[in-house]
Amino acid sequence: MADEPTIITEEGGLELEQEQDTQEEQKLLPAQDVLPESLLIIPLYDRPMFPKMMGPIMVEDPRIQQMILQAQEKGLVIYLGLLLVKQSKGGVSHAPQSIEDFYPIGVAAKVVQISPPTQEQPLQLVAQAQERFEVKQLTRQQPVFKALVKYLPEEKGDSGDELKAYSVAIIDCIKELVTLNPLFKEGLGLLLDRINVSDPSALADFAASMTTSSGADLQEILETTSIQKRLERVLILLKNEIEISKLKADISKRIEDRLSKQQREFFLKQQLKEIKQELGIAKDDTESEVEKFEKRLTKLTPSPEAKERIDEELEKLKLLEPSSAEFNVTRAYLDWLTVLPWGVYTEDNYDIAKAERILNRDHYGLEEVKERILELISVGIVKGDLSGSIILLTGPPGVGKTSVGQSIARSVGREFFRFSLGGMRDEAEIKGHRRTYIGALPGKFIQAIKTCKTANPLIMLDEIDKIGASFRGDPASALLEVLDPEQNKDFLDHYLDVRFDLSKVLFICTANQMDTIPGPLIDRMEVINLPGYIQAEKVEIARRHLLPKQLKLHGLTKSQVSIGKPVLREIAEGYAREAGVRNLENRIKKILRKVAKDLVSDPNRKVTVKKSDLPELLGKKVFSDEKIFSKPRVGVITGLAYTSLGGTTLHIEAAGVMTGNTGFKQTGQLGQVMVESSEIAYSYVRSLVAKKDPKNEFFRKYFIHLHVPAGATPKDGPSAGITMACALYSLATNTPIIADTAMTGELTLTGMVMPIGGVKEKVIAATRAKLKQVILPADNQEDFDLLPEHIRAGVSAVFVKTFEDVRRFCFPDNK
């Protein structure tokens, strides 16, 4: 029985092969040689398939899958046309949309095995390529392509010597490829079972399919019908493949040699390590770490609690594998426990004379601070131990708070560690992180102890007034334990989880103002105020410390630059009138930079800076004479104020406006307390004028305006009460105040004068403004008497209990 050819119908279906009963026809025309003229086209995207080859085909289109499965159910023999899709300009093949997307030559393939599609993968076919064909007509029935084809049978004939030579050359190349790449050997074994190597055509197709050439190059082989030309082109592909394989083999060999060397070194090191351990020369990681920690402990005296914890962790470390994560956590914890200076203290300096020399050498003035440190050393001499103290240095910027801390450390002979609390918002910065967190570390205090390598250093907490708070906690509250002498002997860091004694530590804190420091924290500290410097002190500091320091930093000498005391006094008066000396130092830097520039052009000259040179070197004066008016004026009174930058003078002005309405208003960015003080002054002066001079109708006719320059600077506080009352009284009585007088004091509604703060700073401001008299509350007389003589020099104080005392002194002609 003979089979009729399988064809594709116009609707795209597959027809059943009809069996014939004539055995003779079966002999004349075998079934596998009868191929249909119309074929269902399956696009190939990577490389073409050659005749006599067998390979897998993936069918992803659902409609084509359905047609093939239906044909399989009917028992049909399925033939498909395999055409390679042309690549786009980018070298990528896309789903064909038209006839032009296919190459014209393909192969007819018989389906020998079908694997039904699943959810994970599409329909898979195993097809046996039969014969080359050329597309005569290609039509598309969305999304199926079908083609009428003309088959291109191989030319039959005797092989000439030239073809044999090509065949031998191809076989030699295949042998060489198998030698270079063992993967070709497996493919060669599979293909030799299906082709006749003595057939030049089949040999060419087989050799081409073995290469890794591009789809376009292989398609060119498929389209070459001349056997000799095909052999020639295949031979070229094989030669290219051999060169590529040689290059790959060379690269692989270099990599293997490199890896072999590394592996060899690794194995040798491991062997050496094992040999050393057997001989007792070396120890493993765990033993070396344990030995390191035990060696540290011989020099320390940990507390019983710490000793117990260290022993527990050492036993735990011995049981852990070095490669485990817990090993590294335990090792880091033990490293911190054994690196801290348990029982290690530096010897304190009990030489008062030496300490005094150090303090006087480093700082001019600051007698109160020096006296307190000498008292601390004296107590240490008597007691035999310098117990930890907690000192708070407050004052405006640039008065030397931080540098004083360093001098104190040198004077008592202790290690110094400083860190800033400004902007700190995380409680863990103080008390450490718990060890459960990745990257956990102890707090700043334990880190400072580790750095100083002693349990009694001097730790400076800078900018304690600028500490913050956030959702991570309140660092200021965490400091309560650290700065409490009754608690810090058992300070518990979250990371260490054992108590460490901080009672021997000397804490020095600095702040610009005390308003933002919590009250419970201030109670734990001894407050020493650094109010600022008067002009004479600033000039002396510049001469002794700032100028020599900046000369050295700028590479200059006294023989090259000369800046006399009158020049320094002029700089302090006109360009750096702040309470501190930082701006004064910046002005000296600016002068020296300009001098250095001049010396570059003439290295041999000596520059002497004169007062007349300052406008050219520093520009226009920043500060003018604080006495705005050459003589007293009605309604204008000079007050004294205290700011975070030190003391300053304040000129309060009052004016009456004839508007037909009476009233009172204040300007100058006054705070709530100062507004209330002005209203108290207005009410009191109005009642005083009505009582003293009933005929005075000023307040019944005028609208009163009180202004406090400068308008852009916020101001608050009660200490300007008598100043505002004097301005209003001067305005109402049309009488100016006596000359060169300033005042400060809080006024009550009944005319009482209450005490104020910042006496020293305010007296310094009066001295700087060259005022002769200052009016102070009587309760502040003791504060004034305790001021150093050089601050009180040139200023006489008048102490008052009531506003009536102020009025009698300021307006002597107005009884």
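Visitor: Why are helices H22 and H28 called roughly perpendicular?

Guide: This is a predicted model, and in it H22 (residues 672–692) and H28 (residues 803–810) pack at an angle of about 65 degrees. The band for roughly perpendicular is 65 to 115 degrees, so H22 counts as roughly perpendicular to H28. Their axes lie 13 Å apart, and the crossing is right-handed.

Visitor: Which residues make the contact between H22 and H28?

Guide: From H22 it's Tyr684, Leu688 and Lys692, and from H28 it's Phe803, Glu804 and Arg807. Sorted by class, that contact holds three nonpolar and three charged residues, with no polar ones.

Visitor: What makes H18 and H20 oblique to each other?

Guide: The axes of H18 and H20 (residues 582–601) cross at roughly 45 degrees. Roughly parallel needs an angle under 35 degrees, and roughly perpendicular runs from 65 to 115. A crossing at roughly 45 degrees fits neither band, so H18 and H20 are called oblique. The axes come within 10 Å, and H18 passes H20 in a right-handed crossing.

Visitor: Which residues meet where H18 and H20 pack?

Guide: H18 brings Lys538, Ala542, Leu546, Leu547, Lys549, Gln550 and Leu551. H20 answers with Leu584, Glu585, Ile588, Lys589 and Leu592. That contact divides into seven nonpolar, one polar and four charged residues.

Visitor: Staying with H20, is arginine 587 buried or exposed, and how do you know?

Guide: Arginine 587, found in H20, has a relative accessibility of 17%. Buried means under 20%, so arginine 587 counts as buried. Setting aside neighbours within four places in sequence, arginine 587 is in contact with Ile571, Tyr575, Leu618 and Val622.

Visitor: And why does arginine 544 count as partly exposed?

Guide: Arginine 544 is found in H18, and its relative accessibility is 43%. Partly exposed covers the range between the 20% limit for buried and the 50% limit for exposed, so 43% puts arginine 544 in that class. The C-alpha atom of arginine 544 is separated by 9.5 Å from that of aspartate 362, a residue 182 places away along the chain.

Visitor: Aspartate 362 sits in H11, doesn't it; how do you know that the buried residues of H11 are on the same side?

Guide: The buried residues of H11 (residues 352–362) are Ala355, Ile358, Leu359 and Asp362. They cover an arc of only 95 degrees around the axis, which means they share one side of H11. As background, an α-helix has 3.6 residues a turn, so residues three or four places apart point the same way.

Visitor: What is on the other side of H11, and what do its buried residues pack against?

Guide: Arg357 and Arg361 are exposed on the other side. The buried residues of H11 pack against H12 (367–383), H13 (401–412) and H18 (535–553).

Visitor: What makes H16 count as mostly covered?

Guide: Of the eight residues in H16 (residues 475–482), six are buried. Those buried residues are Pro475, Ala476, Ala478, Leu479, Glu481 and Val482. Their cover includes the helices H14 (428–431), H15 and H17 (519–523). The strands E9, E10 (491–492) and E12 (506–511) are also among the elements covering them.

Visitor: What is there to note about phi at lysine 453?

Guide: Phi of lysine 453 is near 60 degrees, a positive value in a residue other than glycine. Most residues other than glycine have a negative phi. Lysine 453 is placed in the loop between H15 (444–452) and E9 (458–462). With a relative accessible area of 65%, over the 50% limit, lysine 453 counts as exposed.

Visitor: Which class does glutamine 669 fall into, and why?

Guide: Glutamine 669 has a relative accessibility of 43%, over 20% but not over 50%, so it counts as partly exposed. Glutamine 669 lies in the loop between E18 (663–667) and H22. Phi of glutamine 669 is near 55 degrees, again a positive value in a residue other than glycine.

Visitor: Zooming out, how many helices and strands does the protein have, and what share of its residues is buried?

Guide: The secondary structure comes to 28 helices and 24 strands. Buried residues make up 45% of the 815 residues. Of the contacts between residues at least 6 apart in sequence, 74% join residues at least 24 apart.

Definitions and conventions. Residues numbered from 1 in each chain as written. Predicted model: local features only at pLDDT ≥ 70, side-chain atom pairs only at ≥ 80, totals over all residues. Heavy atoms only, no water. Axes fitted to C-alpha atoms, helices over the stretch in contact; angles between N-to-C directions. Helix = DSSP H or I, 4+ residues; strand = E, 2+ residues; numbered from the N terminus. Parallel < 35°, antiparallel > 145°, perpendicular 65-115°, else oblique. Left-handed = near helix turned anticlockwise from the far one by under 90°. Contact = heavy atoms within 4.5 Å. Nonpolar A, V, L, I, M, F, W, Y, C, P; charged D, E, K, R; others polar. Buried < 20%, exposed > 50% of the residue type's maximum accessible area, 1.4 Å probe, protein only. Arc of directions from axis to C-beta.
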